[in-house]
Every structure is written in structure tokens, then in C-alpha cells.
Amino acid sequence: MRLPILVLALFVSIASTASGQDQPLLIRGARVFDGTAIIGVRDVLVRAGRIARVAPFITAPAGATVVDARGKTLLPGFIDAHTHTFQDVLRQALAFGVTTQLEMFTDHKTAATWRDEQITGRANDRADVFSAGILVTSPGGHGTQFGLPIPTIASPDSAQSFVDARIAEGSDWIKIVYDDGSAYALSRPTIDKATMRAVIDAAHKRGKLAVVHVGSATGARDAIASGADGLVHIHVDRDIEADAEFMRLATARRPFVIPTLSVNMSVSGKAGGAELAKDPRVEPALTQTDMSQLNQSFPTRPASKARYAYAESSVTKLHAAGIPILAGTDAPNPGTTHGASMHGELELLVRAGLSPTQALASATSVPARAFRLSDRGRIAPGLRADLLLVDGDPTADITVTRALTHIWKAGVVFDRAAYVKRAAATRVVATVGAPPPGSESGEISNFDDGTTRARFGSSWETTTDQMAGGKSVGKVEVVDGGANGTPKALRVTGTIDAALPYAWAGAAFGPGSAPMQPANLSGKKEIVFWARGDGKPYRVMLFAQSKGMVPLFKTFQTTGEWKEFVFPLESFGTDGKDLLLLLIVGGPAAGAFEIVVDEVRLR
């Protein structure tokens, strides 16, 4: 079964090659924001992917492409200072004018691939990425819950070796998690203050920035006191007005802050991108996945201390005190999506007290300076020609950034019209009607007939990450000896290859009347099955049409004995009205696996 897992097969490559850099580009008569201020109406000449000249008038060179930019504003490409990057989202980011993403946690092998593409000129049709690689967290701490096996740290004495290992993997800076979840009414392990300080010192010893993920005011104070170069969130559990010590430390140490207001809004229970998704300047380029993500928020917890007003107030006071504020979205968390959310983040920064000009700087020159990216973030001779042209003046109305007319990456124009056409195709939603015939009892498969057939929908088939460029392999087969003494069961075996951080292999079932057709199973509340296996972790994955093909998953662990597993549909964030796929898979942990499944049903 060729499954569009993680939307990796959604977009074909939009043609854009380094050959486009050979022809000079002249942008005529634009209002130019150079990364810090409007410098007036200027012509901008681009040669070989770099800005060659900025002047009131430039004679067009022979063979130049001339773009009439009168009445429009030319901006440096946006830099999203906090993202989590995967799949094909780098092209999506570019489609909304984000030419560079600062990645705060990803598999170092994937980051190395991106880096090689950028160095060799094969990244002009997507955003560039610079990455922290594997984050620094404690055993069981934030960052370990995503199924990607990662190294962890437990004491200060291993700080230097831990940091050196990350640098050897290619980390551009060091990101540290110092967050026990208490601000959100959660409880999870985190490193202690001494370990955080030791990691920060170790990073500085190697000339690397050290940035810290925090959630609480206490965490923010400790991070700044320990010498952090930046905070990659702002706390949401206390009003800054009641925290004189935090402001004293911030003004004395002057770390930069990436507040991620869009996510803070979602954490507080309101979808951070819901308004953005309705904007007619944004909506045409949103995929169904984007629409779903922008309209989501984190589940609210009655005991949570998180208040969006605290985050906004902190930005207001920090900005007034001269602390550098960087625009970052934390995409693709609930309420955000890559690229588009940058425009929502800019609006939130303006609401928090930045002027539109200052907000634009927070997405261009300020992050470039903070993260030592000397070749971008401004419009000046010699710098990269990562450029945006918008219809109007965003220094008067920050939402004008959404009126994109042209995007250039290293001087190569991005075919946004083609992207918009493909995005529109994903929003064609089929009508979901009555439950599929045969689903009334809820039984899907017990395999006792010796086949992989189901009571309704499609048969169980093998699914692997090979369609996404992975190398995992899998096999499904009916074997003797089912749960509770029944005659047969489904054995799923395979080998997970570590080439992809989200690697998978296993068994897939489609409940619809045809492949990839949604099935209305809202009358059922739980997925139930029996399983035994090799003791490794496995995942149940659901795909729902309204979720835009974003995988909804839960992890479970087998033993050598049969055990019943029960997963409420609501725990996946769906009511079951438009289910597309049900998967039971191994991964992403590398190696061979074997699991036997039986009596799969809905109830």
C-alpha cells in the first residue's frame, strides 16, 4: 500500500536551479527595508545569487530580468528563529517568505543532509536550515517523548563530552531543556541547575551559543543567571510585573529572547493560528494540513498556570528594556504551521509593543546577528539575495507581509503560483457519510480465516518508510496461535533502518470503501487489540482527513505474553468521523522487530 505518510509525497519538486543565478536580476523602484529601517525607494541589482548594488537608479545590465516594484516593499527573507523541521516543510516555509529556519531539535543525520544541499547549491527551492541537532535533556525529559532515541545527560561532569559529541555531529549551537512541565500542570524530569550551567560553560568553551528552553519564570531566571545566550521560549506562569529579579537579570545579562507567542497562545487554550487561517492573503497557499494545525490548540489542564497575557506582558517589558526579541514560531506545534505562522507571529509581536519596523527586524537582521549568520538578514551589497516583495508598506501595517508577490532564494525566483495550485488540491475534502457497511459490530479482523482480510474496508498490508526515502523493511503474514486460544493471528516483522528519524514499518488497514477514502466511525470510542512481541516499543497511528494527513499516534510496549491494548479515539485528537488509515508499526528505534496482533476491533 503506497501511503502518503507525513505528506512526504504531497508535492513534486518545483523547478528552481542554480542556473537561474546566471541571469542578472534588477528590482526596480522598490521601497526597501534593509533589515533595520526603510532606506527609501531604491533599485536593487542581483548577480550570481548575491546583492551586487543598491542605489536610487541602476541601469539594467544586458540580459537582466527587470521586476517593476513600484508601490511595493522589498524585504530580506525572513528567518524563523525557532522551528522543528521535517518532511517537505522547507519548501512550504519558502512559499511564505521564510528563507531560513533555525531548527531547535532534529536528527543530526538529517541536518547534515540539509547542510550538504545548501553548500552545494541544491537548496534554492526551499528554506535553508541551521540546527541545534540533538537537544540537551535529562533521561525521560522533554524531547525524549517523540519516539526518536536520543542521548541524555544526568550530571555536570559529563557536560563537556556531551557538548563535544553534539558539535562533532554538526550542531550549529547547543539547545538545553530546563523545564519540568510545572507551568503546564505536567511533571517530567529535567536537568538540574548545576548541569545546565556546566553545559552552557562547555558550549562557550567551544565557541558555541547556548540557548535554553524554559516554561517557568524560575527556569528563565536560572537560565539567565547561568549564562545562557538566549531563551527559546518566554515563561507563561507568572506576570513579569511581579518578577523584579527576572528583569534585573535580563537587563544585566541581556540574552536574546525568542518568545514564540503563537505557541504560547495555543498552550493557553486558544488556537494560535485560527485568525491567520482566515486571511485571504494567506489561505490560498495553505494545505489541508496547515489549516488543521492552525486551528488546533494544546489540551487545557485545569491546574495549568499558563496564561498568554503573561507571555505578551513579558515581551512588552523586555522589548522596552532593550532586550533583543527574535521572531520564532515553534512550528509545527498546535496553532502553527511552517512559513505562514511567521506572519502571525509578527502581528503578535506588534500587539505586544514592537513597532512594525522593529517586528520586521526581529525576523531579519536581529536573528541573523544573534545566531551569527553574517551573510543574510539584511539588504546590502555582498549579502545573499534572499528577498521578498510585498504589495504595500508593512512598516505601516505589519499584515502587509502576507501580500507576497515575489520570493527569491539566492536570487532564484520561487514559483509560488505552482505551490498555491498544489496546496489548493489538498483542500478538496470528500463528503463523509454513513458508517461503512460491515462496521456495525466494530470487529475489524481476527485473522481466523487465515487471511489478512477485514470485516470492512481494505485488507491489512505492509507499509514502510521506503516511499519516503527510508530503508526499513516489513512483512505481514497470518500465523497459527491467536490471543485467548483462537486459531490465528497476524505476525508483523521487519527491520527499522535509522536513515530517517521517523522511520517505520508495519501493518496498515484502510477503513474506507476505497483506498484513502474517509470512513465515518464516530459511533465508536476505542481501538482495541491484543498483541505480544519482543518487548520493544510500537506505535498505533491514525490518519484522519480533517487532520490533513498529520499522523496521530500512541506508543505501546509489548511483552512475550498476550496483552489487551485499549486506545480511546479522543486520545489521538479525533472523533473518528473521517478516519483514513489505522497502522500498527515498529520504529523509529533501529533494528529487527516482531509483533503478533489479534482481535482488532472498535468499540
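Helices (H or I, at least four residues) and strands (E, at least two) are taken here as DSSP runs, numbered from the N terminus. The structure is a predicted model, in which local features need a pLDDT of at least 70 and side-chain atom pairs count only at pLDDT 80 or more, whereas totals for chains, interfaces and linings use all residues. Residues are numbered from 1 along each chain as its sequence is written, and side-chain values use heavy atoms, with hydrogens and water left out.

The pLDDT, which is the predictor's confidence in each residue on a scale from 0 to 100, averages 91 over the protein, and 94% of the residues score at least 70. Over residues 1-19, however, the pLDDT is below 50, although this stretch has 57 contacts in the model beyond near neighbours in sequence, a contact being heavy atoms within 4.5 Å. Where pLDDT is low, the predicted coordinates should not be read in detail.

A convenient place to start is an open sheet of four strands, which has the order 9-10-11-12 and parallel pairing; two strands are said to pair if DSSP finds at least two bridges between them. Strand 9 (174-177) and strand 12 (256-257) stand at the edges with a single partner strand each, so one side of each is left without a neighbour in the sheet. Strand 9 is joined to strand 10 (residues 210-213) by four bridges, and Ile174 has Ala210 of strand 10 as its bridge partner. At the other edge, strand 11 (residues 230-231) pairs with strand 12 in the parallel sense over two bridges, and Leu231 stands opposite Val257 of strand 12.

Strand 9 also belongs to a right-handed β-α-β unit, together with helix 4 (residues 193-205) and strand 10; right-handed here means that, with the strands pointing away from the viewer, the path from the first strand over the helix to the second runs clockwise. From strand 9, Ile174 and Ile176 point one way and Lys175 and Val177 the other way, and all are buried, where buried stands for under 20% relative accessible area, exposed for over 50%, and partly exposed for values in between (1.4 Å probe, protein chains only). In the loop between strand 9 and helix 4 lies Ala185, whose phi is near 60°, a positive value in a residue other than glycine. Ala185 is partly exposed, with a relative accessible area of 30%.

The largest nonpolar core (a set of buried Ala, Val, Leu, Ile, Met, Phe, Trp, Tyr and Cys residues joined through side-chain atoms within 4.5 Å) has 103 residues, and those with the most contacts inside it are Ile176, Leu318 and Phe371. Helix 4 supplies the largest share of this core, six residues. A second, separate core of 35 residues includes Leu490, Phe509, Ile527 and Leu582.

Between helix 10 (308-320) and helix 11 runs a loop that holds Pro332, and a cis peptide bond, with omega about 15°, joins Ala331 to Pro332. Helix 11 (residues 340-351) has twelve residues, which at 1.5 Å a residue should span 16 Å, and its end C-alpha atoms are 18 Å apart, which agrees; the expected span is 1.5 Å times one less than the number of residues. Nine of the twelve residues of helix 11 are buried, so this helix is largely enclosed by the rest of the structure. Among the buried residues are Met342, His343, Glu345 and Leu348. Gly353, which follows helix 11, has a positive phi near 125°.

Further along the chain, Phe447 lies in the loop between strand 16 (443-445) and strand 17, and has a positive phi of about 65° although it is not a glycine. At 1% relative accessibility, Phe447 counts as buried. Most residues other than glycine have a negative phi, and most peptide bonds are trans.

Strand 17 (residues 461-464) pairs with strand 20 in the antiparallel sense over four bridges, and Thr464 has Ala505 of strand 20 as its bridge partner. Thr464 counts as buried at 16% relative accessibility, and, not counting residues up to four places away in sequence, touches Ser472, Val473, Gly474, Trp504 and Ala505. Strand 20 (residues 505-509) is mostly covered, with five of its five residues buried. Five bridges also join strand 20 to strand 25 (residues 579-586), and these two strands run antiparallel; in strand 25, the bridge partner of Ala505 is Gly586.
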